[in-house]
Amino acid sequence: MQTLAGKKILLGISGGIAAYKCAELTRRLIERGAQVQVVMTNAAKEFITPLTMQAVSGRPVSYSLLDPAAEASMGHIELAKWADLVLLAPATADLIARMSAGMGNDLLTTLVLATDAPIAVSPAMNQQMYLNVATQENIATLARRNMMIWGPAAGEQACGDVGPGRMLEPMQLVEQCEQFFSPKPLAGKSVVITAGPTREAIDPVRYISNHSSGKMGFALASAAQQLGADVTLIAGPVSITTPHGVKRINVVSAEDMHQAAMAQATSHDIFIGCAAVADYRPVDIAAQKIKKTADNNDMQITMVKNPDIIAAVAALSVSRPFTVGFAAETQDVEAYALDKLKRKNLDMICANDVSVEGQGFNSDTNTITVYWNGGQHTLGCATKLALSHSIVLTIADQMSSTN
Ligand code: C5P
């Protein structure tokens with residue numbers, strides 16, 4: 001499919017071993033209708049020849065800033081203006097450092113300074129170099145400047161090390177480009193998403209919680225952001241990195257999450273409650289660690305109901321956002337989901353059967369049926385990110401049909 005028809009991609013290649021994958025990347029981009037103009041650093045030419053890149057891209061490759069002949073055809077400023085997207089792949093630690101410092105000491109870094117096209121950086125380097133504080137700070141600087149950071153992946157490296165720093169595979173970069181150029185149905189909309197578990201303290205060292213990993217909520221945040229929304233994620237205690245461009249508010253207990261959600265809900269267009277909120281919390285939190293006693297085999301913890309966050313959001317009478325809930329069930333999925341949709345006054349509910357192996361808590365895939373008043377849509381088993389895209393698109397559809 002010509003998913004990239006007419007898109008002008010300036011592919012900047014710097015000198016890392018992953019450069020050998022750029023011929024394949026270029027072929028796949030062109031196959032989908034993109035025009036690819038290759039710009040190489042001097043070091044990149046040691047890893048893949050300009051002749052190869054010219055042959056696969058069908059265009060002369062640019063690499064010299066001070067070449068009168070090249071400047072006479074498409075000069076560096078013209079090149080910078082030509083692009084719809086600048087994709088730097090592989091982006092070495094050196095290229096990233098030079099960009100972070102705002103240098104323009106070769107054609108590629110000059111183009112980066114001169115373009116107003118969006119820039120995607122696909123880091124590729126040895127894991128130790130990637131994890132070096134200097135590199136991490138440089139990448140954070142580029143992200144702060146709104147550059148998109150695509151990857152890296154983790155795994156075996158050309159040098160024999162294992163760890164983060166592998167360039168995304170050509171097809172993954174193609175998918176990133178497709179997503180980048182895909183229509184943005186949520187442009188101008190803001191979304192707040194709750195994710196992960198909550199922790200309900202018993203005493204200073206113990207708590208009651210659940211197995212929610214937060215993966216689904218984080219995938220939804222990522223999908224909503226890629227589809228154009230301004231996203232705020234209210235996250236319980238999870239160890240997942242925040243998707244690029246998403247605002248994150250960390251909370252611990254259901255009461256914290258309730259407070260944060262109510263503070264955010266009225267200023268957002270959409271509220272997605274994906275968190276596995278604890279239904280009850282201990283009435284009293286012991287001030288000191290509760291001690292085991294020799295003479296007592298039983299202990300009781302008296303619990304009190306937590307606020308139902310999503311129901312409270314859905315009950316707002318002023319500035320109520322489009323409210324979407326989740327129902328993780330182990331039986332009678334449809335009946336329970338429809339009951340929750342009605343009882344909590346939701347606009348939509350995403351239901352899944354967590355008794356099925358490989359679905360729900362902690363897994364990377366899921367199968368979900370989305371219900372709304374008068375309709376439903378089953379989304380087959382897919383990765384949480386792919387499902388999240390479908391869910392967010394369904395939300396956008398429903399919002400436009402009810403407006
Ligand atoms: O726990 P339950 O199955 O009722 O959860 C359904 C939906 O309600 C989910 O979207 C969940 O995030 C939300 N919820 C909530 N606050 C609670 C309990 C659940 O927002 N206290």
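**View 1. F326 in strand β16 of the predicted model.** F326 sits within strand β16, which covers residues 322-329. With a relative accessibility of 19%, F326 counts as buried, because the cut-off for that class is under 20%. Setting aside neighbours within four places in sequence, its contacts are M216, L220, I272, G273, C274, I349, C350, I368 and I391.

**View 2. The residues that UniProt lists as "binding site".** Let us step back to the annotation: an unreviewed UniProt entry gives this feature at G273, C274, A275, D279, K289, P307, D308, I309, I310, F326, K340 and K344. These residues span 72 residues in sequence, and the farthest two C-alpha atoms lie 37.5 Å apart, so they do not all gather at one spot. Among those annotated, G273, C274, A275, D279, P307, D308, I309, I310, F326, K340 and K344 are included in the lining of the second largest pocket.

**View 3. I309 in helix α12.** Here we look at I309, a residue of helix α12, which runs over residues 309-314. I309 counts as buried, with a relative accessibility of 5%. Beyond residues up to four places away in sequence, I309 touches A254, M257, H258, A261, F271 and V277.

**View 4. P321 in the loop between α12 and β16.** Our last stop is P321, found in the loop that lies between α12 and β16. P321 is buried, its relative accessible area being 1%. Not counting residues up to four places away in sequence, P321 touches A265, H268, D269, I270, F271, V313, L316 and D347. For a sense of distance, the C-alpha atoms of P321 and G217 are separated by 17 Å, and the two residues are 104 residues apart along the chain.

Note on methods: Residues are numbered from 1 along each chain as its sequence is written. This is a predicted model: local features need pLDDT of at least 70, side-chain atom pairs count only at pLDDT 80 or more; totals for chains, interfaces and linings use all residues. Side-chain values use heavy atoms; hydrogens and water are left out. UniProt positions are given in the numbering used here, feature names are shortened, and annotations may be inferred rather than shown by experiment. On a 1 Å grid over the protein atoms alone, a cavity is a set of points where a 1.4 Å probe fits but cannot get out, and a pocket is an open set with protein on both sides within 12 Å along at least five of seven lines; lining residues have an atom within 4 Å of a point. Helices (H or I, at least four residues) and strands (E, at least two) are DSSP runs, numbered from the N terminus. Buried means under 20% relative accessible area, exposed over 50%, partly exposed in between (1.4 Å probe, protein chains only). Contact means heavy atoms within 4.5 Å.
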